[in-house]
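This report looks at a ligand site and at the packing of some helices. Please keep the sequence and the coordinates at hand while reading.

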Amino acid sequence: MPAPTLTAVFHDADTAPAEYRIDPPSEQCEYLCDGELRHWPGPRQDVISPLGRALADGTVEPRRIGSYPLLSEAEAMDTLQAACRAYDHGRGAWPTMSVEQRIGHVQAFVVLMQAQRSEVVRRLMWEIGKTLPDAEKEFDRTVEYIADTVEALKELDRAASRLVIEEGVVAQIRRAPMGVVLCMGPYNYPLNETFTTLIPALIMGNTVILKPPKLGVLLHQPLLQAFRDAFPPGVVNTVYGEGGEVIGPLMRSGRIDVLAFIGSSRVADLLRRQHPRPHRLRCVLGLEAKNAAIVLPDADIALAVQECVLGALSFNGQRCTALKILFVHESIADAFVDKLAAAVAALPAGLPWEPGVRITPLPEPGKPEQLAQMLADALERGAQVVNEGGGAVHHSFMAPAVVDHVGPGMRLYTEEQFGPIVPVVRFDDIAQPLQYVVESDYGQQISLFGEDPDTIAALIDPLVNQVCRVNLNSQCQRGPDRFPFTGRKDSAEGTLSVHDALRVFSIRTLVAAKTSAGNQRLMRTILRQRKSRFLATDFIL
Ligand code: G3H
């Protein structure tokens, strides 16, 4: 029988406040194709929530909260046809529409989307166990991202609304769409990270096929009508089902122009390889990471602990940006580990809507067992769990574990745990963490904790060429979303941010002419009579 503190985690899933209940289950039978919500009469995938039902004997029963379509290759290819038709080799209404008009469609979508906030938030809690404040933040951050994207695009368009003359050649240089984009987001930010590629892809004039992550499908359902009503037919389409059945054929068709994928490098490589002409495929990838913190002898321990707890355990450590290994200087390691263990032990665990809750059940089937194996491997090789009950598992829940004395040869040292385990490595010589970063397969971010400007500066310079963001006395994170977000090595391909994403989903294209009198006349007439949408100097106000 699990300890009472563990059984208490699931205690009131049945007595959730009415606005957060998911009863009856949400049965999704439709998918969006060519501007229609098409009914799917075929097999569906059951969605099992990580928030199981507590039984009287202390065990937890899996809870089914709905289902979604398991489409076949034929429906996937229909969505591809629809997206290709809407793009029509760049001649479709959407890719040739003025920027101002496309912005109008996106803004109409946001209005409809906002009406679904509470439903999306509720489903985020039930499908992936995200806490209520984090689920609300994910939704609001996404809306803000869209608003910022609109502003950034206006700025981009304004800058392009003029001609340039170089070496006797006059030109107008703009950004044009790429074609059909396949957008696949991750389960940990199923709304936000999907939309941070989907929205820039759309607004730049591409057409899109969206495949939600395996966990986090139903939360997109309330937005299907909004997509249908806000965009012309075929501009946004959705597919659901097994990757091999629905994604493989799309990639093998050779008609996907951009793959926007956030997930594992294994799947990214598999998808890319399926494309018959990989040089025609642009990839925008967010992949694995094993971000380290280095806590130096002069670090403010209280601050470092606070940031490391946030960095390592927000959303149970299920963030690509999470701190996944802490290197702590031996001289302060005892004090740091004591404080860290106490801070982690004090994190309230429970169900997502409970006030103040910080640790929740994990959505990936089999994840607690997988984490328990990594933990056992470290313990066998000399590491120790230092917080009472750390690492205990009950159904889909794992109590967060602070694991001291982690070192080379342990899985926790090199593998991305993506869960509530905080490995601590004690070091004497700064060469050890630096070598770790150099040898790591990943290169996303790092956090440095310390106060001496000389020491920190001497670390910044080598580290900026290993990772893509060095955080000083702060946890690793993606935001603010106007900052570039990317990684080196196996961690990413392409850079995302409000500003960069507009560039990633478009290509610079120009109309150019030698400045002969005839060409000047020609261009002037086109401009004055507003005959082209591309060769135009209209200025968005
Ligand atoms: O999972 C990766 C997310 O992009 C992390 O975003 O650092 O803002 O939580 P965040």
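In this predicted model, the ligand is surrounded by Arg 141, Asn 188, Tyr 189, Glu 193, Arg 319, Cys 320, Thr 321, Gln 477, Arg 478, Gly 479 and Phe 485. Polar atoms of three of these residues, and their distances to an oxygen atom of the ligand, are set out below.

| Residue | Polar atom | Distance to a ligand oxygen atom |
|---|---|---|
| Asn 188 | side chain | 2.8 Å |
| Tyr 189 | side chain | 2.3 Å |
| Cys 320 | backbone | 2.7 Å |

Arg 141, listed above among the residues around the ligand, also belongs to a contact between two helices. The axes of helix 6 (residues 132-160) and helix 7 (residues 192-203) come within 10 Å and cross at roughly 20°, and because angles under 35 degrees count as roughly parallel, helix 6 is roughly parallel to helix 7. The crossing of these helices is right-handed. On the side of helix 6, Glu 138, Arg 141, Thr 142, Tyr 145, Ile 146, Thr 149, Val 150 and Leu 153 take part, and they meet Asn 192, Phe 195, Thr 196, Ile 199, Pro 200 and Ile 203 of helix 7. By class, the residues of this contact are 8 nonpolar, 4 polar and 2 charged.

A further pair is formed by helix 2 (residues 73-87) and helix 9 (residues 243-252), which pack at an angle of about 40° with their axes 8 Å apart, so that helix 2 is oblique to helix 9. Their crossing is right-handed, and the contact joins Glu 73, Ala 76, Met 77 and Leu 80 of helix 2 to Glu 245, Val 246, Pro 249 and Leu 250 of helix 9. This contact of helix 2 with helix 9 comprises 6 nonpolar and 2 charged residues, with no polar ones.

Terms used: Residues are numbered from 1 along each chain as its sequence is written. This is a predicted model: local features need pLDDT of at least 70, side-chain atom pairs count only at pLDDT 80 or more; totals for chains, interfaces and linings use all residues. Side-chain values use heavy atoms; hydrogens and water are left out. Axes are lines fitted to C-alpha atoms, for helices over the stretch in contact, and angles run from 0 to 180 degrees between N-to-C directions. Helices (H or I, at least four residues) and strands (E, at least two) are DSSP runs, numbered from the N terminus. Angles under 35 degrees count as roughly parallel, over 145 as roughly antiparallel, 65 to 115 as roughly perpendicular and the rest as oblique. A crossing is left-handed if the near helix is turned anticlockwise from the far one by less than a right angle, and right-handed if clockwise. Contact means heavy atoms within 4.5 Å. Ala, Val, Leu, Ile, Met, Phe, Trp, Tyr, Cys and Pro count as nonpolar, Asp, Glu, Lys and Arg as charged, and the others, Gly among them, as polar. A residue is near a molecule or strand if one of its heavy atoms lies within 4 Å of it. A polar contact is a pair of N or O atoms within 3.5 Å; within protein, one must be able to donate a hydrogen and the other to accept it, and residues adjacent in sequence count only if both atoms are side-chain atoms.
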